[in-house]
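Colleague: Thanks for sitting down with me. Could you show me the model, and then we can talk it through?

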Amino acid sequence: MSILFSPFNLAKLEIKNRFIFSACEDNLSTEQGFVTDEIIRKDSRIAAGEVGLIISSHIAVHPLGCTKKRKLGIYNDDMIPRLKNLVDAVHDKRSKIIFQLGHAGIQTTEDAIGQLPLGPSPSPKNLEMNEDQIQEVILAFARGSARAIEAGADGIQLHAAHGYLINEFLSPYFNRRSDLWGGSEENRFQFLGNIVIEIKKILPEGVPLLIKLNSNDYTPEEGITPGLAVSYAERLAGLKIDGIEVSCGTTSRSPWNICRGDIPIKEISKSFPEAQRPVVEAALGKMAGKFELQEGYNLEATKMIRPVMGNIPLFAVGGFRHVSDMEEAVKNGYTDFISMCRPFIREPYLIKHIREGKVKAASCTSCNKCFAAVANDIPVKCYNKEFV
Ligand SMILES: Cc1cc2nc3c(=O)[nH]c(=O)nc-3n(C[C@H](O)[C@H](O)[C@H](O)COP(=O)(O)O)c2cc1C
């Protein structure tokens, strides 16, 4: 049997194989942030396709942390029953589900949250968080985690990557504070560190707490670099977290590093007002061809992080497409799991088909039209043939 189909634990949670559906925003929640039947159907199908673990789409812990109007939330007790329906549906299909909790930080709009976004440092488009607001968000992560457990989630993943609020505090590019929360590596880590400490107080023993961490922000000036990511990983290991998923890039400054492959110029441009489209298309045109997909493109960074992790599981996401490469990566101990996102949007039954020997590679072409769907606020699915 392939090592990819051997079970592996995250804390005391046994995952039946080495495949993870990485967090994937779907634009399917209600305007109030509740789980819909479409979300349940989608994740239920992916669970039936035999993936070992589903990481939910990014769930906002605070109303000001929503990336857009239609965004799953966990900031209210009323949200628990529908979240529980989602968990039950995944469990019915014998898979596991961990909730990804996050806060948009500056990566949202006034239109979505009714005020200027909040971030560690001010800009013309966002406000600087004060001490009370920082403490409120730390508490919101702990309360959101308690609600996740009440809904039956198998664990928590903190979204500390892709330029959202936790990433912003960690990054010297976004965080220019000189108080307790910035100015040094230790201070910039404090926001994430305190969230971890607060969550650990309420998390039942053996329930995994994972972190999605950037190994490189690829911001115009230096943000998180691979060296800094190793340092942060070491601090997280010291706090006894239960796993790190390694990613890179930020939605606002470097999105094509998160999702390498083609740049869907026309489809992204459609999300802008007509008058702006020629400028957007010219800018995107200059980037085309520069973000070619490499198999497992965060694996090198994952290898760098491995030595500071001890026995704590570590996994890479980004660009896994060929079963033979996945097998090599796990066999060589570079990654404990294979985390994929876009391939499951196209092929919910991918893992079942790999197990049955029907396919040796994902058929996802990394055209990134699913990524463009997020920007256009339409349901996320595979638009490879036609973008509507
Ligand atoms: C449509 C879409 C939505 C995504 N939503 C999220 C999200 O909610 N949270 C997150 O951490 N990453 C999100 N990602 C990034 C993926 O989890 C993953 O890191 C990235 O797609 C690279 O992996 P892949 O090559 O297997 O697709 C999203 C990616 C896509 C294409």
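Colleague: By class, how many residues of the shell around the ligand are nonpolar, polar and charged?

Modeller: Bear in mind that this is a predicted model. In it, 26 residues surround the ligand, and the closest are S22, A23, H58, C341 and R342. Sorted by class, the shell has 3 charged, 9 polar and 14 nonpolar residues.

Colleague: Which element gives the most to the shell around the ligand?

Modeller: The elements that supply two or more residues to that shell are β4 (53-60), α13 (342-346) and α15 (369-376). With 3 residues, the top contributor is α15.

Colleague: In what order do the strands close into a barrel?

Modeller: The barrel has 8 strands, and their pairing is parallel. From one strand to the next, the twist averages 25 degrees. One of the pairs is β11 (residues 314-317) with β12 (residues 337-340), joined by 3 bridges, and there V317 stands opposite S339 of β12. The full order is β3-β4-β5-β8-β9-β10-β11-β12.

Colleague: At about what angle to β5 does helix α4 run?

Modeller: Helix α4 covers residues 131-150 and lies across two strands, β5 (96-102) and β8 (156-160). Relative to β5, the helix runs at about 160 degrees.

Colleague: Why does helix α10 lie largely in the open?

Modeller: Helix α10 spans residues 277-287, and a residue counts as buried if 20 or more other C-beta atoms lie within 10 Å of its own. After the helix comes G289, with a positive phi near 85 degrees. Helix α10 lies largely in the open because, of its 11 residues, the number buried is 0.

Definitions and conventions
Residues are numbered from 1 along each chain as its sequence is written. This is a predicted model: local features need pLDDT of at least 70, side-chain atom pairs count only at pLDDT 80 or more; totals for chains, interfaces and linings use all residues. Two strands pair if DSSP finds at least two bridges between them. Helices (H or I, at least four residues) and strands (E, at least two) are DSSP runs, numbered from the N terminus. Axes are lines fitted to C-alpha atoms, for helices over the stretch in contact, and angles run from 0 to 180 degrees between N-to-C directions. Two residues are in contact if their C-beta atoms, placed from the backbone, lie within 7 Å. A residue is buried if 20 or more other C-beta atoms lie within 10 Å of its own, exposed if 12 or fewer, and partly exposed in between; C-beta atoms are placed from the backbone. A residue is near a molecule or strand if its C-beta atom, placed from the backbone, lies within 6 Å of it. Ala, Val, Leu, Ile, Met, Phe, Trp, Tyr, Cys and Pro count as nonpolar, Asp, Glu, Lys and Arg as charged, and the others, Gly among them, as polar.
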